[in-house]
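Welcome! Below are a few exercises for getting to know a new structure, each followed by a worked solution. Take a look at the model, then try each task before reading on.

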Amino acid sequence: MSKLKKALERAKETRKAESGAFKRSEPEKQITPLAPPETNKKQPSREKVKPTYKRSRVIEIDQASLKKDKIISLFLQDQTADQIRILRTQILERLKESGGNSILISSANPGEGKTITAINLAISIAHEINRTTLLVDADLRKPFIHKYLGFEAEKGLSQYLTGDLDLADLLINPGIDKLTVLPGGRPLPNSTELLGAPRMQSLVKELKSRYSDRYIVYDTPSILTRADPIVFSHNVDGIVLVIEAERTSNKDLQRTMELLKDKPVLGTLFNKARSV
Ligand SMILES: Nc1ncnc2c1ncn2[C@@H]1O[C@H](COP(=O)(O)OP(=O)(O)OP(=O)(O)O)[C@@H](O)[C@H]1O
Ligand SMILES: [Mg+2]
């Protein structure tokens, strides 16, 4: 049995032992809902569509490097994993109310933990509540998801947007049940234009309708340095803002919230907080 499989088995056992109870360490302080959910959207039909993994490349990820990089959703006792679970519960509730299935992760500034949060959230939805999840690396300038998960991605979303590759040939199954990854591929300088281009719009539509029973998590660049997340935000049902403890300033947070005004912010994650 692979290391990852063993970790998953162990995690399952632990979950059983905890009877699904979350260990909530100061949840109110760590996650603050910022905006009411949209309530006027229609519930989409949730017909069962089987995800097509047949052509996805299956890779095996290394558990030790995951933990080193703070990919903690698989390590259920970790305190940060609790925050991810609470965030997950909160945003899935809100998406349920609005009938949505797609989530954009961003932050005010670079390096505040967007990619790690996107990966953790996607793993948490797929692995712990058993819902099929597609994790899309839409940070086309700094596509890092594959690096954190420890695999090479020569091809990905950037090649899909600039060429005529088939989506099914780009999807990766990183050895975690129910989780599929669309890596970013080679970095691109003109990512904003591409994310707003018709090919991206039709991809988003296709993902949303073809896989209406699955959640889609998009990792994006930071809001104050790139236009990408705001341009792309029209395509998603909800936004999660990562705030770095002791780093994101009030001023930056205010400017960010101003840019997100009228957007469906589902919640925030207070990241890298020192435990007390
Ligand atoms: N909760 C955490 N605890 C400790 N370190 C963390 C945490 N979250 C992220 N990091 C570390 O912070 C660094 C930046 O994380 P990450 O790449 O997720 O940020 P980002 O916002 O996606 O950055 P970029 O803007 O460059 O895309 C990484 O070294 C990561 O391991
Ligand atoms: Mg990132």
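**Exercise 1. Two loop residues with positive phi**

Does Lys178 count as buried or exposed, and how many C-beta neighbours lie inside 10 Å? Then do the same for Asp262.

Solution.
- Step 1. Keep in mind that this is a predicted model.
- Step 2. Recall the cut-offs: a residue is buried with 20 or more other C-beta atoms within 10 Å, and exposed with 12 or fewer.
- Step 3. Lys178 has 21 C-beta neighbours inside 10 Å, so Lys178 counts as buried.
- Step 4. Asp262 has 8 such neighbours inside 10 Å and therefore counts as exposed.
- Step 5. Now place them: Lys178 sits in the loop between β4 (172-173) and β5 (179-182), while Asp262 belongs to the loop between α11 and β8.
- Step 6. Finally, check the backbone. Phi is near 75° at Lys178, a positive value in a residue other than glycine. For Asp262, also not a glycine, phi is positive and near 70°.

**Exercise 2. A loop and the end of a helix**

Find out which residues Asp177 is in contact with, leaving aside its neighbours within four places in sequence.

Solution.
- Step 1. Locate Asp177 in the loop between β4 and β5.
- Step 2. Asp177 has 10 other C-beta atoms within 10 Å, so Asp177 is exposed.
- Step 3. The contacts sought are Ala126 and His127. Helix α5 covers residues 114-128, so look for both contacts there, using the helix range.
- Step 4. Just after α5 comes Asn130, with a positive phi of about 65°. Asp177 and Asn130 are 47 residues apart along the chain, and their C-alpha atoms are separated by 7.9 Å.

**Exercise 3. Two helices compared with their expected span**

Describe α5 and α9 (residues 198-210): how far does each reach, and which residues are buried?

Solution.
- Step 1. α5 has 15 residues and reaches 20 Å from its first C-alpha to its last, close to the 21 Å expected at 1.5 Å a residue.
- Step 2. Burial in α5 is easy to state: 15 of its 15 residues are buried.
- Step 3. α9 has 13 residues, and its reach of 18 Å is close to the expected 18 Å.
- Step 4. In α9 the buried residues are Met200, Val204 and Leu207. They cover an arc of only 65° around the axis, which puts them on the same side of α9.
- Step 5. A general rule helps here: an α-helix has 3.6 residues a turn, so residues three or four places apart point the same way.
- Step 6. Turn to the face away from the buried side of α9, and you find the exposed residues Pro198, Ser202, Lys205, Glu206 and Ser209.
- Step 7. The cover over the buried residues of α9 includes β3 (133-137), α7 (157-162), α8 (191-196) and β6.

**Exercise 4. Following the strands**

Starting from β2 (residues 102-107), work out which strands pair with β2 and in what sense.

Solution.
- Step 1. Look at β2 itself: 6 of its 6 residues are buried. Ser102, Leu104 and Ser106 point one way, and Ile103, Ile105 and Ser107 the other way.
- Step 2. β2 pairs with β6 (residues 215-219) in the parallel sense over 4 bridges; here Ser102 stands opposite Ile216.
- Step 3. β2 also pairs with β7 in the parallel sense, over 5 bridges, and Ile103 has Gly238 of β7 as its bridge partner.
- Step 4. Move on to β7 (residues 238-244), which pairs with β8 in the parallel sense over 6 bridges. Val242 has Leu269 in β8 as its bridge partner.
- Step 5. Add the helix: β7, α11 (residues 250-259) and β8 make a right-handed β-α-β unit.
- Step 6. Check the cover of β8 (residues 265-271): 6 of its 7 residues are buried.

**Exercise 5. The nonpolar core**

Which residues touch the most other members of the largest nonpolar core?

Solution.
- Step 1. The core has 59 residues, and the answer is Ile103, Ala122, Leu135, Val217 and Val240.
- Step 2. Helix α5 gives the largest share of this core, 8 residues.
- Step 3. Take Val240 as an example. Beyond four places in sequence, the residues it touches include Leu87, Ile91, Ile103, Ile105, Leu266 and Leu269.
- Step 4. In soluble globular proteins, nonpolar side chains tend to be buried together.

Conventions
Residues numbered from 1 in each chain as written. Chains lettered and ligands numbered in written order. Predicted model: local features only at pLDDT ≥ 70, side-chain atom pairs only at ≥ 80, totals over all residues. Pairing = 2+ DSSP bridges. Right-handed = clockwise from strand over helix to strand, strands pointing away. Core = buried A, V, L, I, M, F, W, Y, C linked by C-beta atoms within 7 Å. Contact = placed C-beta atoms within 7 Å. Expected span 1.5 Å × (residues − 1). Arc of directions from axis to C-beta.
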